Amino acid sequence: MNPPIEGPAMKLATFLALTTLALSSTVCLAGPLTEASKAPDWGKATQAEKDAWLAAYAFKKPDVDKAQVAQCLDSYAGKPLFETNALSGVTGMCETIVALPN
């Protein structure tokens, strides 16, 4: 039976494990939504980032229902068909969809 690891070796092992965990978890964090964002970035964004994107986006119709555009983005932005599309393009598509007559 092996004796338990104690002392500096245990501290080093714990430090390395925590560092690896911290570095791997930061990779999943999304940056703010910008003109360079791709459609899947919408699903990784916080609500505040989504609100900021919709507030800054230059809609063609200033009276568009932004809540409906956000719902459309929630539905379409994560689909494989749009994974390489710019978020701005999918937002424009959603604006058009929302503007369609019922």
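Q: Which residues are exposed on the other side of H3, away from its buried ones?
A: This is a predicted model, and in it helix H3 spans residues 47–56, with Glu 49, Lys 50, Trp 53 and Leu 54 buried. Flip to the other side of H3 and you find the exposed set: Gln 47, Ala 48, Ala 55 and Ala 56.

Q: How wide is the arc that the buried residues of H3 cover around the axis?
A: Start with who they are: Glu 49, Lys 50, Trp 53 and Leu 54 are the buried residues of H3. They all sit on the same side of H3, because the arc they cover around the axis is only 135°.

Q: Which helices are included in what covers the buried residues of H3?
A: The residues needing cover are Glu 49, Lys 50, Trp 53 and Leu 54. What covers them includes three stretches, 41–44, 66–76 and 87–99, and these are helices H2, H4 and H5.

Q: Which residue does the side chain of Thr 91 meet in a polar contact?
A: Thr 91 sits in helix H5, and at 0% relative accessibility it counts as buried. Leaving out residues up to four places away in sequence, it touches Tyr 57, Phe 59, Val 69 and Leu 73, among others. Its side chain also makes a polar contact at 3.1 Å, and the partner is the side chain of Trp 53.

Q: Is Cys 94 buried or exposed?
A: The cut-off to keep in mind is that buried means under 20% relative accessible area. Cys 94 has a relative accessible area of 0%, so it is buried.

Q: How many disulfides does the count come to?
A: The rule asks for cysteine sulfur atoms within 2.5 Å. Cys 72 and Cys 94 pass, with their sulfur atoms 2.2 Å apart. The pair links distant parts of the chain, as Cys 72 is in helix H4 and Cys 94 in helix H5, 22 residues apart. The count comes to 1.

Q: What is the handedness of the link of Cys 72 and Cys 94?
A: For Cys 72 and Cys 94, the one to check is the angle about the S-S bond. That angle is -75°, and the link is left-handed.

Q: Besides Cys 94, which residue does Cys 72 touch, not counting residues up to four places away in sequence?
A: Cys 72 lies in helix H4 and counts as buried, at 6% relative accessibility. With those sequence neighbours set aside, it touches Cys 94, and the other residue is Ile 97.

Q: What separates the C-alpha atoms of Cys 72 and Thr 91?
A: Cys 72 lies in helix H4, while Thr 91 belongs to helix H5. They are 19 residues apart along the chain, yet their C-alpha atoms are separated by 8.4 Å.

Q: Which element has the lowest mean pLDDT?
A: Overall, the protein averages a pLDDT of 82, and 70% of the residues score at least 70. Residues 15–30 stay under 50, and the model has 2 contacts for them beyond four places in sequence. Among the elements, H4 has the highest mean, at 97, whereas the lowest, 48, goes to helix H1.

Q: What pattern does the protein follow along the sequence?
A: There's no strand to place, as the secondary structure comes to 5 helices and 0 strands. Read along the sequence, that gives α-α-α-α-α.

Q: What share of the residues counts as buried?
A: On the outside, the protein exposes about 7400 Å², with carbon and sulfur atoms supplying 63% of it. As for the buried part of the 102 residues, the share is 25%.

Key: Residues numbered from 1 in each chain as written. Predicted model: local features only at pLDDT ≥ 70, side-chain atom pairs only at ≥ 80, totals over all residues. Heavy atoms only, no water. Buried < 20%, exposed > 50% of the residue type's maximum accessible area, 1.4 Å probe, protein only. Helix = DSSP H or I, 4+ residues; strand = E, 2+ residues; numbered from the N terminus. Arc of directions from axis to C-beta. Contact = heavy atoms within 4.5 Å. pLDDT = per-residue confidence, 0-100. Polar contact = N/O pair within 3.5 Å; in protein donor to acceptor, adjacent residues only side chain to side chain. Areas by Shrake-Rupley, 256 points an atom, 1.4 Å probe, with all protein chains shown as cover.
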